[in-house]
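Open the model in a viewer and keep the sequence panel beside it. The stops below are given in the order in which to select them.

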Amino acid sequence: MERATQYQLQLARRMSRLGTETAFEVLNKARALERQGKSIIHLEIGEPDFDTPSNVIEAAVDALHKGWTHYGPSAGLPELRQTIADYVSRTRGVKVSSDQVVVVPGGKPIMFFAILSLIDEEDEVIYPNPGFPIYESMIDYVGGRAVPIRLREDRDFSLDVDELASLITNRTKLIIINSPQNPTGGVLQRRDIEQIARVIGDRNVMILSDEIYSRLLFDGAQHFSIMSVPGMQERTILLDGFSKTYAMTGWRMGYGVMPEGLVEAFEKLMVNSCSCVASFTQRAGIAALRGPQEPVEAMVAEFRRRRDAICAGLNQVPGFHCLVPGGAFYAFANIKGTGMDSKQLADYLLYQAGVSCLDGGCFGEYGRGYIRFSYANSMANLMEAVDRITKVSPRWEDSLVASR
Ligand SMILES: Cc1ncc(COP(=O)(O)O)c(C=O)c1O
């Protein structure tokens, strides 16, 4: 008997609403070029190029030998939850109990779970644009209404509080803020955060405060969380984690701090998805937070050096203008002066200069006209990248003239 050969895959309709993080696609394209023998400088992916501190690695190895190889509680090991509660209490100046902490595989699931557990169809979520693409993707996925708030270069990519006020309606259920910010490196100052809190007032609106880059701040700046504003903690979900601070992107461990009622929902989502974060990884998380912090300080100092160098270099490229960001490890260059579209230019730089970077449009419509360069790469490679970009710049001008 002949077998049916054509099965038709029928994805659920909601899958068509799910977006993606383009950095991974560009990375694949760049790697394919490398396999063909091309030299590529990777400035597309957002992960520290440093090694995880050795005390953290040793703690994980030790934990493996000691049998931390089984399921654990879905909200996280009690000792890690307590360590995180102490850390957040100390750094945000609020009282957090371990019952308000959920440990998840990376910072991303906190976004996923917050939106899944709070947003019904047609609920509105205000989110930064340009911003981390997963916010919009998840809002669309659950059928919510994604309401972008534009981050403007002339405000150092902070947020216009009057604009925020004009976007809040009685359908607004969640406001997402992110500081230091991806992709702009912009930082919300204490006064900005206090104004945001004032605008939200006593509305029954939750805030997802993405603070994954909270330790990556330069020039002595102090991180300030909306959770620290009196009256806001009970409406705030704080997202933080280990990926960026301790160069632990591949370990997959992050956490959320939130009102206890929401912890139950997050625990349920953990039980329904990943059960728990690997136990030995969590033991390493305890070592990261309790151990020496010098590796973090050394990493931040090196990022600052690179920031200054890459921004100075990019500002010399014809048609580029790059603000010096206050945090994270991204330079977000305005390339409108080149006359090229940012997607076109990012492709041009990849194929003609061997510099892999991201079109600002990957971070939302208001990111168009900008290119994000991650400076999580060696100083030598960053300088080589600037050199390569400068060398091809006369050619993109020629190609524009030719196309007119
Ligand atoms: C703003 C922002 N939030 C969260 C994350 C997710 O971090 P993780 O790798 O821990 O899931 C990232 C990663 O790039 C990010 O840029």
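Select Pro-183, which is in the loop between β5 and α7. This is a predicted model, and what follows should be read as such. The peptide bond to show here is the one from Asn-182 to Pro-183: it is cis, with omega near 20°.

Now go back along the chain to Pro-180, whose place is also the loop between β5 and α7. Here too the bond to display is a cis peptide bond, this one joining Ser-179 and Pro-180, with omega about -15°. For comparison, most peptide bonds are trans.

Stay in this loop and select Gly-185. The strand on one side of the loop is β5 (172-178), and the helix on the other side is α7 (190-200). Is Gly-185 buried or exposed? Its relative accessible area is 0%, so Gly-185 is buried. To get a sense of scale, draw a distance from Gly-185 to Pro-230, C-alpha to C-alpha: the viewer should show 26 Å, for two residues that are 45 apart in sequence.

Next, select the ligand and the residues around it. How many residues surround the ligand? There are 14, and the closest are Asn-182, Asp-210, Tyr-213, Ser-243 and Lys-244. Asn-182 is thus a residue already visited, since the cis bond to Pro-183 starts from it. Color the shell by residue type, and five nonpolar, five polar and four charged residues appear.

Turn on a surface for the protein. The ligand sits in the largest pocket. Then hide the surface again and display the polar contacts one by one:

- Ser-243: an N or O atom of its side chain is 2.6 Å from an oxygen atom of the ligand.
- Lys-244: a polar atom of its side chain lies 2.7 Å from an oxygen atom of the ligand.
- Lys-108: here a backbone N or O atom is involved, and it lies 3.0 Å from an oxygen atom of the ligand.

On its own the ligand has 400 Å² of accessible area, and the protein covers 94% of it.

From Lys-244, follow the chain to Ala-247, in the loop between β7 (236-241) and β8 (254-257). Display its backbone torsions: phi of Ala-247 is near 50°, a positive value in a residue other than glycine. Most residues other than glycine have a negative phi. Ala-247 has a relative accessible area of 8% and is therefore buried.

Select Arg-252 as well, which is found in the loop between β7 and β8. Phi of Arg-252 is also positive, near 60°. What is the relative accessible area of Arg-252? The value is 35%, so Arg-252 is partly exposed.

Move on to Asp-341, in the loop between β10 (330-334) and α11 (342-353). Show the side chain of Asp-341 and the backbone of the residues that follow. A polar atom of this side chain lies 3.1 Å from the backbone nitrogen of Lys-343. The backbone nitrogen of Gln-344 is likewise 3.1 Å from a polar atom of the Asp-341 side chain. Asp-341 has a relative accessibility of 38% and so counts as partly exposed. A C-alpha to C-alpha distance drawn from Asp-341 to Leu-238 gives 36 Å, and the two are 103 residues apart in sequence.

Two helix positions remain. The one to select now is Glu-136, in helix α5 (residues 133-141). Glu-136 counts as partly exposed, because its relative accessibility is 29%. Add Leu-18 to the selection: Glu-136 and Leu-18 are 118 residues apart in sequence, while their C-alpha atoms are 8.8 Å apart in space.

End the tour at Val-296, which is found in helix α10 (residues 294-314). Is this residue buried or exposed? With a relative accessibility of 4%, Val-296 counts as buried. As a last distance, join the C-alpha atoms of Val-296 and Arg-191: they are separated by 26 Å, with the two positions 105 residues apart along the chain.

Terms used
Residues are numbered from 1 along each chain as its sequence is written. This is a predicted model: local features need pLDDT of at least 70, side-chain atom pairs count only at pLDDT 80 or more; totals for chains, interfaces and linings use all residues. Side-chain values use heavy atoms; hydrogens and water are left out. A residue is near a molecule or strand if one of its heavy atoms lies within 4 Å of it. A polar contact is a pair of N or O atoms within 3.5 Å; within protein, one must be able to donate a hydrogen and the other to accept it, and residues adjacent in sequence count only if both atoms are side-chain atoms. Accessible areas come from the Shrake-Rupley method with a 1.4 Å probe; for residues, only the protein chains shown count as cover. On a 1 Å grid over the protein atoms alone, a cavity is a set of points where a 1.4 Å probe fits but cannot get out, and a pocket is an open set with protein on both sides within 12 Å along at least five of seven lines; lining residues have an atom within 4 Å of a point. A molecule sits in a cavity or pocket if more than half of its atoms lie within 2 Å of its grid points. Ala, Val, Leu, Ile, Met, Phe, Trp, Tyr, Cys and Pro count as nonpolar, Asp, Glu, Lys and Arg as charged, and the others, Gly among them, as polar. Helices (H or I, at least four residues) and strands (E, at least two) are DSSP runs, numbered from the N terminus. Buried means under 20% relative accessible area, exposed over 50%, partly exposed in between (1.4 Å probe, protein chains only).
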